[in-house]
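Here is a quick tour of a few spots in this model. Have the viewer open and follow along.

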Amino acid sequence: MTTRYLNGRIFTADTDPERTWAEAFTVDGETITFVGSTADAPDADETVDLEGRLVLPGFTDAHTHLLMAGSALGQVPLTAARTLDEIQTLLRDARAANPDAVALRGRGWLFDSVPGGAPTAAMIDEAVADIPVYLDANDYHSCWVNTAALVELGITRDTADPIGGRIARDAEGEPTGLLFETAATQYAWAHNDATTTDADRDADVERVIAAYLDTGVTGAIDMAFDEYGLAALQRAQERHGGELPIRVAAHWIIVNTGEDEANLAQVARAAELARDDSSPWLRVVGIKLVLDGVIDACTAAMRHPYADGTNAEPIWPVGQLNPVVAAADAAGLQVAQHAIGDYASEIALDAIEHAIATNGDRARRHRIEHLEYAAPGTAERMARLGVTASMQPVHSDPAIFANWAEMLGDDRVDRAFPWPEYEDAGTLLAFSTDAPTAPHEALANMYVATTRASALDRSVPAIHPQFALPLASAIGHATRDAAASVGDGDWRGRLAPGFAADFVVVDTDLFSEEPSSLLEARVIETVVAGRSRYRAG
């Protein structure tokens, strides 16, 4: 079956200015066979008149967490609550709306919405005390819990801090209700994993896939894949007749156990999965390492201290990091390293150079995730090493920036999220949302990228507008370059002959309207592999 689409305003994301725009294209099955003018479009079995509508390549969310995002869409949203009273009201309302719940989960709270930036169990207890309450921070690097949750988790004054994490305590050593970094993952998240059913996970997968398709996303790169996620996506693939509605590539999460043998065993498992039969729909392509935390909680590893004089050690010390990166590189796995602080990005690149020296010349395309503050020269070093910069425009939203800036408190704030540096250096720059740490909507992400203004609160003025990008560049980083970031740049991410027919039809010409149109436009249709997966009602 061939279909030709005529009379459109088609942005191809081709880097050649001669081929950036077209009027028509033809699809044969799952593949684009023609892109050009309406007059030159070949005959086809079916014809669709686009009536001047804008067509874009399908977005690839180059860094996301599918199960977590699906779950978060069903939890109490707290980002818009800017005071403790507002947070408590939302929790009371959620509890009243679900009196049979055995636990309450929320997500997205901001440190500067809590008095002193120091959440306590007692604050939640004032709103909900009869059942455990688990509230993930907006950056998903801390979990705020109430007293009932501390009891459920078995956390007491005698509970030791895990490697790379911390349990907040009062002057007497009693836990106060905030779990930082691996303390959140090894206690709160592990408990959630153990108590979540397969039926719950199946619902989460369907929820997030539907949300992505509704907003023009045709591919996703999961950045914390584990056995739960693998099983859930495999079940989804079975439900959908051997494929998925969107294309999923995944990075297997490697947890620092403190033991080289156990760490390398996790790499071996990722390599085993990567060798298994894979498809364009679901495959493991690499590993993920979380090297540090986040600036908002002063847990990102910096070269120089925070404004309060503190600093954070890397979650992966160099002596344990290098063997893992070298082993993954030797196995042909892509290494993705979470590095938000400048010291973390420095040791991430050191580890890649160590792997190159150890394993010699071979094809490789590793990547660093986030790079919220990186020292001058980092972009150039990444370009020399062929390392992708994976960054999230929505993390720079001005509505959530104040605490980030306050924690640094010096001229480092002036270099927050400097995307043009990576473009100028020739570094491959892939855009994503890191959902659920930020909203998953692709067009809102493009709004922040092109304005440095807030998609969350339009009354907040833009910050660092000098780092905003032209719309064509931003969309290219979120489509063409996002696909290329996992080695797919030769068959998807652009609208070109021979490429996958993954595209989005939008009701507004975003290139001729004001930037605010990115927050108001609607996706009319999302097509993946030549088949309509979403059509607006």
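## An edge of the open sheet

Which residue in β10 does Val76 stand opposite? It's Gly106. Keep in mind that you're looking at a predicted model. The strands involved are β9 and β10 (residues 104-109), which run parallel and are joined by 2 bridges.

Zoom out and you'll find that β9 and β10 belong to an open sheet of 6 strands, in the order β9-β10-β11-β12-β14-β13, with mixed pairing. β9 (76-77) and β13 (165-169) sit at the edges with a single partner strand each, so each has one side without a neighbour in the sheet. Strands of a sheet pair through backbone hydrogen bonds, either parallel or antiparallel.

## A helix across the sheet

Now bring in helix α5, which spans residues 182-195. This helix lies across β10, β11 (133-137), β12 (142-145), β13 and β14 (175-181). Relative to β14, α5 runs at about 95°.

## β23 and its two partners

Next stop: strand β23 (residues 523-528), which is mostly covered, with 6 of its 6 residues buried. β23 pairs with β22 (residues 503-506) in the antiparallel sense over 4 bridges. In that pairing, Thr526 of β23 stands opposite Val504.

β23 also pairs with β24 (residues 531-535), again antiparallel and over 4 bridges. Here Val527 has Ser532 in β24 as its bridge partner. The hairpin of β23 and β24 has 2 residues between the strands, and Ala529 in this hairpin takes a positive phi near 55°. If you're following side chains along any of this, in a regular strand they alternate between the two faces of the sheet.

## Thr433, a loop residue

Is Thr433 buried or exposed? Thr433 is placed in the loop between β21 (429-431) and α14 (442-451). Even so, Thr433 counts as buried, because its relative accessible area is 3%, where the cut-off for buried is under 20%.

What does the side chain of Thr433 reach for? One target is the backbone nitrogen of Ala435, at 3.1 Å. There's also a polar contact of 2.6 Å between the side chains of Thr433 and Asp61. Leaving aside residues up to four places away in sequence, Thr433 touches Asp61, His63, Tyr212, Gln392, Val394, His395, Ala438, Pro439, His440 and Asn445. Asp61 thus turns up both in that list of contacts and as the side-chain polar partner.

Technical notes:
Residues are numbered from 1 along each chain as its sequence is written. This is a predicted model: local features need pLDDT of at least 70, side-chain atom pairs count only at pLDDT 80 or more; totals for chains, interfaces and linings use all residues. Side-chain values use heavy atoms; hydrogens and water are left out. Buried means under 20% relative accessible area, exposed over 50%, partly exposed in between (1.4 Å probe, protein chains only). Two strands pair if DSSP finds at least two bridges between them. Contact means heavy atoms within 4.5 Å. Axes are lines fitted to C-alpha atoms, for helices over the stretch in contact, and angles run from 0 to 180 degrees between N-to-C directions. A polar contact is a pair of N or O atoms within 3.5 Å; within protein, one must be able to donate a hydrogen and the other to accept it, and residues adjacent in sequence count only if both atoms are side-chain atoms.
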